[in-house]
Structures are given as C-alpha cells and as structure tokens.
Amino acid sequence: METFSANQNQKELVYFFLTTFGISWGVSLLIISGVIPEMPFFIGIVYGPFLSAFLLTYFFKGKAGLQSFLKRFAQFKVPIKIYVSITLGFFLLMYSGKFIWNFFTDSPWSMNLMPLTSFLPILLFQILIPGLGEEPGWRGFALPRLLNMTTPLKASLVLGLVHWLWHLPTFWLGTGMHNVPALLSILYVIPWTVLFTYVYLYSKGSIAVSILFHGIHGALLSLVGFMPSEVDVPISTSLITTPWIEGGYLGPYVVVLVLLWAVAIVISLKFQKMIGDPQTKMTS
C-alpha cells in the first residue's frame, strides 16, 4: 500500500477527526436539544466515521483511492485464527469474567443464553449499524495513518481515547455506551482497541473483518450480559462523575475488564516484535 509523509498523515487525521466529530456531535446536539427526533437521525451519529472516511478518501486520493478503499470491504481471506479470536475468544473472555465473579461471590450461576432467533437479529443490527457505521472510519481510515506515524501500541492508545471521546454525547442521549462509570468505560475501550489493532494487522487492513469484530463484540455484550441491567443502572450524565456504583452491579464488568487488560498486555508484547514490519506501515 501507499505510504505518506508524517505531515500528510497528520493532515488527513486532523481532517478526519474534525469531520467525524462535526457530523456525529452535530447530530447529537440537534437530538439532545430537541430540534430533530432521535429516530431515525440517530443513524447520522453512528455513521459519522463512515461518511467522513468515504468523503475524505475521495478528497485526498481521488477515484482510484476510493476504489482501493472500497476493496477492503470485501477482504475476507484472512487467517482462520482471526475469525476464532473475534468469536470464540470474546465469548470465552466475557463468560469467564462472569463465571469468576459469580463463583467467588456465591452468586447464582446460569449460562442464560438467549435463543438463536433472538441473537441473530441483534448480531445483524450490530454489524450493519455500529459495525458498518464506525469501522470504515476508525480502522479503515484513521488507524493505518496512525500506524504510519507511530507504533501499534501508541496508535491503539490514541485511537482508543479518540473513540471514547466520540461516544461522549451518548451519556446525554441515554444509549450507545456501556452503562458503567465513565472511567470504567475508558478502561474497557483502551485494551479493546489494542486487540482491535492486532486483528487489523493480521487481517492486512481488512475493513470487512473490522466490521465483523465490532459487530460480534457488540452482540456478545447482549448475549453474555455481564454489564449491569439498564433498569438498575441507566446511561446518564451522572456516570461521567460517578467513580463507582454500590450493590455489586459492577462486579462482573470489572472482572472482565481485568481479563481484557491481561490479554491486551500479552498482545502488546507481540506488537513489540512487529515494530518496523512493513505491514504496520500502510494507509488506505
């Protein structure tokens, strides 16, 4: 793939972040202020990264660049371990966290798996809305440019923080974010992004795989149910300043968080061996 100077990468990233936040936060503000209804305009929030990546790819690269960008949507031929890691891996990690919490607190334990007929619509929604709406921007446009400028680990930290900030209006909207204190959600997004960068690198920049990663992860959040019930802990602005919630609501989430960090640390050590690898230096 083509490589560009640091200045060019910085310029394109600044344009991308400004455009993405402008679209998504702009629509969020209109919804929060009551100017437009939440549905169907909420789609405009989620698809901010996609629209920004699409427009800026054409702006900076022209028709040829856009065609190259779109080809990555059909890039499914990747190592089988990638598909295993984004399905079975997350499933085991989430259920392990929930099981450990219940085991050491003597809480009642059951798998509580929802019927396949209920899970499949959730999976389809997660792939087509947050997956397709976000990933062409975050992993399709921003990450390859960050990787041209710095190491995979540092790129993950930057993108993770930006991604979390992009979600900030959802605390006012009451949907679209984990219903836990903001600090815990940041601590979740960072190692999650490290794992995401690993998947991106081993799939050779596949946007299709990134969409699947995002969608499957989102669907498993509903399937496993290790987060607090939104009846008990609704998403609200109070979560921005609240450091903790009593009553054991956060227990399973924290255990999953610890496991996620452990896996991310192992993956980040693998990243050290990938520094300087030409596969980590690429743009769309």
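Q: In which helix of this predicted model is the place of histidine 217?
A: The model shown here is predicted, and positions are numbered from 1 along the chain as its sequence is written. Counted in that way, the place of histidine 217 falls within residues 207-224, and the helix made of those residues is α9.

Q: Is histidine 217 buried or exposed?
A: A residue is called buried when its relative accessible area is under 20%, and exposed when that area is over 50%. Histidine 217 has a relative accessibility of 5%, and therefore it counts as buried.

Q: Which residues is histidine 217 in contact with, leaving aside its neighbours within four places in sequence?
A: Two of the partners, Phe90 and Met94, are listed among the buried residues of helix α4. With the neighbours within four places in sequence left aside, the full set in contact with histidine 217 is Phe90, Met94, Tyr188 and Trp192.

Q: On which residue is the kink in α4 centred?
A: Helix α4 runs over residues 80-105, and its 26 residues reach 37 Å from the first C-alpha to the last, which is close to the 38 Å expected at 1.5 Å a residue. There is nevertheless a kink of about 30° in α4, and the residue on which this kink is centred is isoleucine 86.

Q: Which residue just after α4 takes a positive phi?
A: Helix α4 covers residues 80-105. Just after α4 comes a residue with a positive phi of about 55°, and that residue is aspartate 106.

Q: At which residue does α3 bend?
A: Helix α3, residues 48-71, has 24 residues, and a straight helix would reach 34 Å at 1.5 Å a residue, but the end C-alpha atoms of α3 are only 20 Å apart. Alongside this short span there is a bend in α3 of about 130°, and the residue at which α3 bends is lysine 61.

Q: Against which helices do the buried residues of α3 pack?
A: The buried residues of α3 include Phe50, Leu56, Phe60 and Phe69, and Lys61 is also one of them. Together, the buried residues of α3 pack against α1, α2, α5, α6 and α9.

Q: What is the angle at which α5 and α6 pack?
A: Helix α5 spans residues 116-147 and helix α6 spans residues 152-166, and their axes lie 10 Å apart. The crossing of the two helices is right-handed. Among the residues that meet are Trp138 and Leu143 in α5, and Val158 and Trp166 in α6. By class, this contact has eleven nonpolar, one polar and two charged residues, and the angle at which α5 and α6 pack is about 145°.

Q: Is lysine 204 buried, partly exposed or exposed?
A: Lysine 204 is found in the loop between α8 and α9, and its phi is positive, at about 55°, although it is not a glycine. Because the relative accessibility of lysine 204 is 46%, this residue counts as partly exposed.

Q: How many Å apart in space are methionine 227 and tyrosine 249, C-alpha to C-alpha?
A: Methionine 227 has its place in the loop between α9 and α10, and at 21% relative accessibility it counts as partly exposed. Not counting residues up to four places away in sequence, methionine 227 touches His178, Asn179, Leu221 and Tyr253. Methionine 227 and tyrosine 249 are 22 residues apart in sequence, while their C-alpha to C-alpha separation in space is 7.6 Å.

Note on methods: This is a predicted model: local features need pLDDT of at least 70, side-chain atom pairs count only at pLDDT 80 or more; totals for chains, interfaces and linings use all residues. Side-chain values use heavy atoms; hydrogens and water are left out. Axes are lines fitted to C-alpha atoms, for helices over the stretch in contact, and angles run from 0 to 180 degrees between N-to-C directions. Helices (H or I, at least four residues) and strands (E, at least two) are DSSP runs, numbered from the N terminus. A crossing is left-handed if the near helix is turned anticlockwise from the far one by less than a right angle, and right-handed if clockwise. Contact means heavy atoms within 4.5 Å. Ala, Val, Leu, Ile, Met, Phe, Trp, Tyr, Cys and Pro count as nonpolar, Asp, Glu, Lys and Arg as charged, and the others, Gly among them, as polar. The expected span of a helix is 1.5 Å times one less than its number of residues. The bend at a residue is the angle between axes fitted to the seven residues ending there and the seven starting there. Buried means under 20% relative accessible area, exposed over 50%, partly exposed in between (1.4 Å probe, protein chains only).
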